[in-house]
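Before reading on, take a moment to look through the sequence and to turn the structure around in your viewer. The paragraphs below it will lead you through a few of its parts, one after another.

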Amino acid sequence: MASAAPSRLVVLAISMVYLFSSVAMATDFVVGGEKGWTLDFNYTEWAQDKVFHVGDNLLFNYDNTKHNVVKVNGTQFQECNFTANNEVLSSGKDTITLKAEGKKWYACGKANHCADHQMKFAINVEAAAPAPAPSSANSVIASLSGVFLFAIAAIFA
């Protein structure tokens, strides 16, 4: 029974390292920056210098009594015409995790916000970002985490 504890600890440690490394690589993008999700904002210009990867998050901040976020396809995006089948987010603080590569389109489905106020947003999502190259700071952290895990294993052994 005593030998099961160290093996569980190893599995837990490996899981934590994986979790922290994947979380550290994701980027959170507040759509529209300080302006958020609002009328008459140029989302194309805002997005042009950003690179979106699988695993990143889009954060839509808006007044949910005035706006929403509708996931649309390319045709619906161009025409600002949506159906009841489209996924609609309406909390006012929506997070969309980018799960697949390719084009993604979003629009406001309230009133004529999409057509009349260009409240729509299109991006291209690339493959997951490569892991950053190890730096001396990362090496120190990795070394310290190894010492920390060894100390925990020693305590529970």
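What follows is a walk through the sheet, the aromatic rings, the cysteines and one histidine.

Keep in mind from the start that this is a predicted model, and that residues are numbered from 1 along the chain as its sequence is written. A good place to begin is the sheet, and here one general point helps: strands of a sheet pair through backbone hydrogen bonds, either parallel or antiparallel. In this structure an open sheet is built from 5 strands, which follow one another in the order β2-β8-β7-β4-β5 with mixed pairing. Which strands stand at the edges of this sheet? They are β2, residues 52-53, and β5, residues 88-89, and because each has a single partner strand, one side of each is left without a neighbour in the sheet. The partner of β2 is strand β8, residues 120-126; the two run parallel and are joined by 2 bridges. On the β8 side, E126 is the bridge partner of H53.

Another pairing can be followed between strand β3, residues 57-61, and strand β6, where 5 bridges hold an antiparallel arrangement. Here N57 stands opposite T97 of β6. Strand β6 itself, which covers residues 93-97, shows two faces, since D94 and I96 belong to the covered one, whereas K93, T95 and T97 belong to the uncovered one.

We can now turn from the strands to the rings. The structure holds 11 aromatic pairs. In one of them, the ring centres of F52 and F121 lie 6.3 Å apart and the ring planes meet at 80°; planes over 60 degrees apart count as edge-to-face, so this pair is edge-to-face. The two rings come from distant parts of the chain, with F52 in strand β2 and F121 in strand β8, 69 residues apart. Are these two rings buried or exposed? F52 counts as buried because its relative accessibility is 2%, and F121, with a relative accessible area of 0%, is buried as well. Both also belong to one aromatic cluster, whose other members are F29, W37, F41, Y43, W46, F60 and Y106. One ring of that cluster, W46, has K50 lying over its face, at 4.4 Å from the ring centre. In a similar way K120 lies over the face of F77, at 4.6 Å from the ring centre.

The cysteines come next. A search of the whole structure finds 1 disulfide, formed by C80 and C114, whose sulfur atoms are 2.0 Å apart. C80 lies in the loop between α3 (74-79) and β5, while C114 lies in helix α4 (residues 113-117), so the pair ties together parts that are 34 residues apart in sequence. The link of C80 and C114 is left-handed, with -65° about the S-S bond. C114 is buried, at a relative accessible area of 2%. C108, by contrast, is in no disulfide, and the nearest cysteine sulfur, that of C114, is 8.2 Å away. C108 also counts as buried, because its relative accessibility is 1%.

Finally, let us return to H53, which is found in strand β2. Since buried means under 20% relative accessible area, H53 counts as buried at 16%. Leaving aside residues up to four places away in sequence, H53 touches L98, V125, E126, A127, A128 and A129. One of these contacts, E126, is also the bridge partner of H53 in β8.

Notes
This is a predicted model: local features need pLDDT of at least 70, side-chain atom pairs count only at pLDDT 80 or more; totals for chains, interfaces and linings use all residues. Side-chain values use heavy atoms; hydrogens and water are left out. Two strands pair if DSSP finds at least two bridges between them. Helices (H or I, at least four residues) and strands (E, at least two) are DSSP runs, numbered from the N terminus. Buried means under 20% relative accessible area, exposed over 50%, partly exposed in between (1.4 Å probe, protein chains only). Rings of Phe, Tyr and Trp (its six-membered ring) pair if their centres lie within 6.5 Å; planes under 30 degrees apart count as stacked, over 60 as edge-to-face and the rest as tilted. A charge sits over a ring if NZ of Lys or CZ of Arg is within 6 Å of the ring centre and within 35 degrees of the ring normal. A disulfide is a pair of cysteine sulfur atoms within 2.5 Å. Contact means heavy atoms within 4.5 Å.
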